[in-house]
Amino acid sequence: MTATPTIVLIGHGMVGQRFLEALADRGLTGAAARVVVLCEEPRPAYDRVQLTSYFSGRSPEDLSLVEADFIEKHGIELRLGDPAETIDRATRTVTARSGFTVQYDQLVLATGSYPFVPPVPGKDSAGCFVYRTIEDLLEIEEYAKNVTSGSVVGGGLLGLEAAGALKGLGLDTHVVEFAPRLMPVQVDDGGGEALRRTIEDMGVTVHTGVGGKEITAGEDGAVTGMELSDGSRIDTDMVIFSAGVRPRDQLARDCGLEVGERGGIKVDEQCRTTTDPAVFAIGECALAVDGRVYGLVAPGYEMAETAASAIAAQETAGFTGADTSTKLKLLGVDVASFGDAHGTAEGCLDVVYADSRSGVYKKLVIGQDGTLLGGVLVGDAEAYGTLRPLTGSVPPVSPEQLVLPAGTGGPVSIGPSALPDEAVICNCHNVTKGTIRAAVTEHSCGTVPEVKKCTKAGTGCGSCVKALTTLVNDELELNGVTVDKGLCGCFPHTRAELYEIVRTLRLTSYEDLLASHGREAAKDGDGCEVCKPAVGSIIASLAPTLGASGYVLDGEQAALQDTNDHFLANLQRNGSYSIVPRIPGGEITPEKLIVIGEVARDFGLYTKITGGQRIDMFGARVDQLPRIWARLVDAGFESGHAYGKALRTVKSCVGQTWCRYGVQDSVRMAIDLELRYRGLRSPHKLKSAVSGCARECAEARGKDFGVIATSNGWNLYVGGNGGADPRHADLLAQDLSDAELIRLIDRFLMFYIRTADRLERTSAWLERIEGGLDHVRDVVVHDSLGLCDELEALMADHVAHYRDEWAETLDDPERLARFVSFVNAPDAPDPSVRFVPERDQMKPDLDLLAGPTLPVRTLEGTVAR
Amino acid sequence: MTETLERPLTTGTIELRTDRGWLAVCAPSGLVPGRGVAVLLPDGGQAAVFLDRAGRPYAIGNRDPFTGAYVLSRGLTGSADGRPYVASPLLKQRFDLETGACLDDASVSVPVYETRVAPEAAAAA
Ligand code: SRM
Ligand SMILES: Cc1cc2nc3c(=O)[nH]c(=O)nc-3n(C[C@H](O)[C@H](O)[C@H](O)COP(=O)(O)OP(=O)(O)OC[C@H]3O[C@@H](n4cnc5c(N)ncnc54)[C@H](O)[C@@H]3O)c2cc1C
Ligand code: SF4
Ligand code: FES
């Protein structure tokens, strides 16, 4: 043996990376040991659990699990794309595909699993895939571009995720599951049925109780369909196999390590292979002492810690088995199962709540003595965070109360505060409530990010972050630390407090506010990018009432705005801007459409219909904006505030005028509302919609304030949201007349602007403020705070003082002077803003930006004019 | 890399130093404190020039190394621990205006240019 031992890791997956971190924590890297990692994939370890989020925009880099300097800092030799091919245990040598060999003192196998592909004829046709690596996803995405339908074989956890991905790629999607229900391992029949209904409602076709018998292919060898075991057939262009995984133990078999009957490298409690004390196996390739192969990441992490401790010759509890609780969001449906989900314990009882209409199914398994043993939650898994840690104890309230929806059996929110210290809060990293509290009290972590870094809690699937935040803040307050609720490093106040300060002291400048109310250390500074736009927005919202200039770019205000507000346009990835004129209610005359077409053509802009019922023109250089807007303003257009935290659009459906179902003129109302609230600066953007009947074609309930016609008037809904965390708006008031509706919206908006946090949409605000919707209704409908007159007056001021920002800008040569690419060469267009053709239009030339420096080019624009 | 100034500037010309000598940018009045402007350099490159609230000028490269776009001049400025920075308008990473170092990723930086304010007469240089 050499002086510094050599530790070789085969497989740089999730568990492999965790093992490296565990080695580093124990001081077994750098000078203490030579660590060599053989990694089969072309990239370092990444978050396989979040794999599917690639399809919702996370790049492979975002998914990486390896901190930028981790490998270098610890002197680890990471060999990407170089898998181990043979292990010679006699000479303790590993040989990789490249021919590289290395001698080990300790060898750790973390080779994970491979997807099982059932031996059906045609399984190798073009268009057949598995779902395990980033490379698989890239191939699936590419193939899906040219086809219209796809099928998934396997209706388990991963199969449904793959189906969600296919659906998201716009394919007609089928799921084929051999068992009689979906997710047979995790949920019971009732849960499977609720899941099926919801998933079918989303347009995925589910076939249970049948298997794929044969994949048929056309002459070109590409998939054309799948024959099922019941004789039926699905026409489909691609197939993803997701019929379970098998441990990757071939390497171990080849070198004579003992494996289980159904696969998996046999290890002891220390994760040492039962055959060779110098070889360990961890993660999905290992067969643990309890005779199970764990297909989840949390047990793998425990094994990684165990093996690292064993190598460091530290005492460990060993790995004897783990909890297989899971909570997932499958195609947007919450599904959770924990503990003894199938009720196998003797004499146990089920407490079941099912609502098939809304696709909710909840079952708790209760032992004879009242102990909570496990459960299944489908459709609404809100309670998972509290229920799982309670498993094994008698819950503080009756089981019925735990499964009934909020509002029926009286509110029972037993928050994380009610949990015992042993309760596991973060399942991914096995972190208990006690550990989290200790992070605050003993390791003096003062914020949630610090606690995350210290304990790792909340850094896996993220489902525990809400509970974590509550616990950390509770603990801080318990310790007499006042949680700093200040807006940023410059102000100790919340946005709502700053609003009150500005309003009552009638301050009209950021500088005055910073000098009078800023934190001591920040008073003489330059502020920051958080408070400057927030204060700018507060001053703008109140400008007409304070008697300040309403124009957002006057004087000091100009320095406070984000670049979008500063140039009254939206910055794009290559530094060009997009232009969105207001099209109130989505109604536009042919003449105006022609003007937009002409302007876009003359300036060579890319055009697209937006999701907000208007038209976006992309690719304008800063210096072109005034000329473009001069033409638009001439034709009667005005700013659409797509760049501002302000009213965006009020969408409409065609309504009573044309639609056979319509009961009110929704277009007129949408236009009235859009014109009333245009230009209103607020904590976050504001969106609205008006539908002409309950069919809701304008999607009003997805908006901050949505209006739906009834035969007696209008219903007003508030707090809706699309985006990342969608929320349906709640009914605030019913059957309102036009005047009542507008008065109520005036009050609602002004109350929101006054009390919300920076970048807090109405949905988050409504969930956060004490008393929620009922309180807001009290204030704006019943005037419980006596504020309504003032709120209405503020809005009246706004409406009276509105002026179009672009018209104002064009009227003033001084304001126009800032619209140049270069201060020292006002006539030169920016040479870095270039475009290349795509689908008959153009797109940013990003290759040009990729280089380290810009080559010198002749300066001429892209514009015809 | 900035000359300390006793009083805020109202006259003269802000200049920045390139490898070919001092380049005139604009009069101090052409800059709003807390906001930047882009400058085309003689070699076709671009710099971003800012003025802080005390009237001190700073110049760094205009290219945002995270996206490749030439946009840093359009970011918002601020100060942290008494040091001035600009936050990229695209993905909001902050860059120290005196050293060019990225405050959110130690492995990234942008070039810095020396600045000065030349009296009116020398402005033509
Ligand atoms: C252009 C457009 C996409 C399109 O091609 O259709 C768009 C484009 C952008 N959206 Fe959007 N959104 C567009 C409709 C929507 C919609 C649909 C709608 O309004 O009915 C939604 C969901 C509804 C909602 O907001 O609740 C939407 C939810 C978002 C969100 C998530 C908001 C949330 O609360 O979760 C963001 C991020 C943010 O604002 O923080 C966002 C942010 C953005 C930004 C501003 C991102 C950015 O900072 O660069 C994009 C600016 C594009 C640009 O430069 O012009 N966009 N965005 C749509 C413009 C509508 C318009 O005419 O004004
Ligand atoms: C889409 C998807 C969703 C999932 N969702 C969840 C979830 O919600 N919750 C959960 O707990 N788990 C989930 N899992 C499972 C989880 O990803 C695995 O449990 C975890 O990745 C196991 O880690 P591992 O390191 O053992 O294996 P892996 O992460 O698979 O890593 C093994 C690595 O070893 C490499 N390798 C194999 N042989 C060699 C060789 N000879 N030489 C070099 N390298 C080799 C492989 O290429 C691979 O990179 C999900 C998995 C998938 C695919
Ligand atoms: S919401 Fe009602 S009125 Fe409007 S288009 Fe749909 S069906 Fe017609
Ligand atoms: S439970 Fe997944 S991150 Fe905490």
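Buried area is the accessible area, taken with a 1.4 Å probe, that two parts lose on being put together, summed over both. With that in hand, here are four close-ups of this predicted model.

**View 1. Chain B meets chain A across about 2900 Å² of buried area.** Of this area, 53% lies on carbon and sulfur atoms. Chain B brings 34 residues into contact with 43 residues of chain A. If you would like a place to start looking, try B:R53, B:R74 and B:L76: together they supply 25% of the area that chain B buries against chain A, more than any other three residues.

**View 2. A salt bridge joins B:K92 and A:D562.** The two side chains meet at 3.9 Å, N to O. The rule finds one salt bridge across the interface of chain B and chain A. Polar contacts between these chains come to 15 residue pairs, with both residues at pLDDT 80 or more.

**View 3. Strands of chain B line up on the side that touches chain A.** The elements giving two or more residues to this side are β2 (21-26), β3 (36-40), β6 (76-80) and β7 (83-87) of chain B. Sorted by class, the side has 18 nonpolar, eight polar and eight charged residues.

**View 4. Helices α15 and α24 of chain A pack at an angle of about 90°.** Here residues 531-546 (α15) and 788-801 (α24) have their axes 8 Å apart. The two helices are therefore roughly perpendicular to each other. From α15(A), the contact uses A:L542, A:P544 and A:T545; α24(A) answers with A:L794, A:D797, A:H798 and A:H801. These contact residues divide into three nonpolar, three polar and one charged.

Note on methods: Residues are numbered from 1 along each chain as its sequence is written. Chains are lettered from A and ligands numbered from 1 in the order in which they are written. This is a predicted model: local features need pLDDT of at least 70, side-chain atom pairs count only at pLDDT 80 or more; totals for chains, interfaces and linings use all residues. Side-chain values use heavy atoms; hydrogens and water are left out. Axes are lines fitted to C-alpha atoms, for helices over the stretch in contact, and angles run from 0 to 180 degrees between N-to-C directions. Helices (H or I, at least four residues) and strands (E, at least two) are DSSP runs, numbered from the N terminus. Angles under 35 degrees count as roughly parallel, over 145 as roughly antiparallel, 65 to 115 as roughly perpendicular and the rest as oblique. Contact means heavy atoms within 4.5 Å. Ala, Val, Leu, Ile, Met, Phe, Trp, Tyr, Cys and Pro count as nonpolar, Asp, Glu, Lys and Arg as charged, and the others, Gly among them, as polar. A salt bridge is a side-chain nitrogen of Lys or Arg within 4 Å of a carboxyl oxygen of Asp or Glu. A polar contact is a pair of N or O atoms within 3.5 Å; within protein, one must be able to donate a hydrogen and the other to accept it, and residues adjacent in sequence count only if both atoms are side-chain atoms.
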